[in-house]
Amino acid sequence: MTEEGEGQAGRCPVRVQELPPEEEARLVTLGFKGYTGLVRTQPGGMLMKARYKEMAPRFYNFDFRPDDIVVMTYPKCGTTWMQEILWGMTHLDELDEADRLAISNRTHFIDSDALYRLEDQMKDRYVMERFRSLCPDGRPEQGIILQSCRAQPPHLTKPRIIKTHFPLSLYRPDLLDRCRVVYVCRNPKDACVSYHHHCRLINTYRFEGSFEAFTKSFMAGDVFYGRFWDHVAPAWERRRHPHLHFVFYEDLQLHGLQQLHELGRFLGLQLSREQLEMVAKHASFPQMKARDARVPMVLSSSTNGAVGGFFRKGITGDWSNVASAELDALMEEWVQEHAEPLGIRFKYAPCE
Ligand code: PPS
């Protein structure tokens, strides 16, 4: 099998094991109706679709380029917002293009090749057109997005903006020496509320249980991408690496322009205040939500429209609207147990 990054690629040490049928059945009973054919990784403890097993070496050894910008997040922590900010910063002269092409098609969500069924991916007209034109000899089963991303001509185009929810531990340890990574983190309470909504929305997960059952599964790492802390901790520990920029969703909301200024500096871009304001407006929640209504993102999996949309509320503190006092106490204990040793202090209110 040809692996990404041949030549310099190392052996892929990621171990991938099928979830025992009784464990899958337990999760289905809790309400995760779409949880069939799952695997768990070591390291990372990541829960994923079985397709990941054959693809793991391609992700691990993916050939990142020095000018790539990788957006890495645990799900629902502000990925799409950051994708739009980064795309805006690197396409200041062509922001209108966002009205023609959804953000999912202006960037590369490489996990898609493990997360979604091939037949669902092949229904996405834009994705397939891009794949056929960039990779005329490509074989879809070897990863449509991975191959399209790899085939994007270097030097002729802007930097690739690559979205991934896979944690650092599932990539080669020298990832940060090879490209820049923007890591976005959100307080786990609001991330959990947002993830609950997402799992009801997307049919890959098809969650039909209670919020309480979801929250307990979230804390146990029995949701796609596994435990929140296994994802956040490795990035947090490397936050001083010159190629890693660690951002909190809440800070983006509270100190938007300051955060964009620091992000621009990290990327080596000289952006004026007017340009930063332009990007902030371009990536604001109302603009992104309205744009999505005109040019919808294709999520490569059918959605349950009755549940609402992807751009839900975009606020900090929604947890307090939905969690009972008992559930909050449970979550708070769990947060303190893990956040304190790391020295992370999360913000839970819109104006802390
Ligand atoms: S995903 O599916 O994991 O890629 O989702 P992700 O993009 O990480 O997170 C989705 C949540 O981010 C909110 N969002 C925003 N908040 C503020 N400003 C902007 N521009 C913005 N864009 C997206 C989105 O509404 C989801 O949060 P919730 O709390 O569900 O509204």
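Here is a short tour of the model, starting with the whole chain and ending at the ligand.

This is a predicted model, in which local features need pLDDT of at least 70, side-chain atom pairs count only at pLDDT 80 or more, and totals for chains, interfaces and linings use all residues. Residues are numbered from 1 along each chain as its sequence is written, and side-chain values use heavy atoms, with hydrogens and water left out.

Start by colouring the chain by pLDDT, the predictor's confidence in each residue, from 0 to 100. The average is 93, and 94% of the residues score at least 70. Now select residues 1-8: here pLDDT is below 50, and the stretch has 19 contacts beyond near neighbours in sequence (contact means heavy atoms within 4.5 Å). Where pLDDT is low, don't read the predicted coordinates in detail.

Next, click on the ligand. Around it sit 23 residues, counted as near if one of their heavy atoms lies within 4 Å. The closest are T79, T80, S194, K313 and G314.

Zoom in on T80: one of its polar side-chain atoms is 2.5 Å from a ligand oxygen atom. Then pick R312, where a polar side-chain atom lies 2.8 Å from an oxygen atom of the ligand. Over at A283, a polar backbone atom is 2.9 Å from a ligand nitrogen atom.

Finally, show the helices (DSSP runs of H or I, at least four residues, numbered from the N terminus). Those giving two or more residues to the shell around the ligand are α3 (79-90), α10 (188-201), α13 (249-254) and α16 (285-294). Which element gives the largest share of the shell? Select α3, which supplies 3 residues.

Definitions and conventions: Polar contact = N/O pair within 3.5 Å; in protein donor to acceptor, adjacent residues only side chain to side chain.
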